[in-house]
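Me: I'm new to this one. Can you walk me through a few spots?
Reply: Sure. Here it is.

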Amino acid sequence: MDEPAHDVEVTVTTHDEESAEITVVGELTEHARRPLVREMTDLMLAGATLKQVRVDLCEVTFMNSAGMATLVQLQRMAQPRGIDTPLVVHTAAVARPLQLSGLWRRFTIVDRREGHPEDVHEATPHGHDHS
């Protein structure tokens, strides 16, 4: 049996005492979960002073619900330690599912889409009802 190709690459592209960046290239699906969780775990174990882990999704070509669930899992891992997990987006393939699912408001978003001024959308504070 041939194993299907998993078109995703996950790497830590920058890292210092207080911040790091994880870059995802390819498809953000269930196949990205393990490498993303592994990188986040390694970063958290390596630095007690870590305050932010940016997740660069600029080169993601496709994202499904499993990929979005993985992003929520990363945020849930980081929150108890006070680590912010902003998402950097560059394409509608990522921005649109985040907007439609409501996750656009859950995460801090660095919007780098063409035709949009570079903007940072702050996450809506958890536990606050804005009705």
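Me: Where does His31 sit?
Reply: His31 is part of helix 1, residues 30–46. Keep in mind that the model is predicted.

Me: Is His31 buried, exposed or partly exposed, and why?
Reply: His31 has a relative accessibility of 42%. Partly exposed covers what lies between 20% and 50%, so His31 counts as partly exposed.

Me: How far is its C-alpha from that of Val8?
Reply: The two C-alpha atoms, of His31 and Val8, are 7.4 Å apart. Along the chain, 23 residues separate His31 from Val8.

Me: New topic: strands. How do strand 1 and strand 2 run, parallel or antiparallel?
Reply: Antiparallel. Strand 1 covers residues 8–15 and strand 2 covers residues 19–28, with seven bridges joining them. They form a hairpin, with three residues between the strands.

Me: Which residue of strand 2 is the bridge partner of His15?
Reply: That is Ala20.

Me: Now Asp56. Where is it?
Reply: Asp56 belongs to strand 3, residues 52–63.

Me: Buried or exposed?
Reply: Asp56 is buried, and it has no salt bridge.

Me: What is the nearest side chain of opposite charge?
Reply: Arg112, 5.0 Å away from Asp56. A salt bridge must be within 4 Å, so Arg112 does not make one with Asp56.

Me: What does lie by the polar atoms of the Asp56 side chain?
Reply: The backbone nitrogen of Cys58 is 2.8 Å from one polar atom there.

Me: And which residues does Asp56 contact, beyond four places in sequence?
Reply: Glu21, Ile22, Thr23, Val24 and Val88.

How values were computed:
Residues numbered from 1 in each chain as written. Predicted model: local features only at pLDDT ≥ 70, side-chain atom pairs only at ≥ 80, totals over all residues. Heavy atoms only, no water. Helix = DSSP H or I, 4+ residues; strand = E, 2+ residues; numbered from the N terminus. Buried < 20%, exposed > 50% of the residue type's maximum accessible area, 1.4 Å probe, protein only. Lys, Arg positive; Asp, Glu negative; His and termini not counted. Polar contact = N/O pair within 3.5 Å; in protein donor to acceptor, adjacent residues only side chain to side chain. Contact = heavy atoms within 4.5 Å. Pairing = 2+ DSSP bridges.
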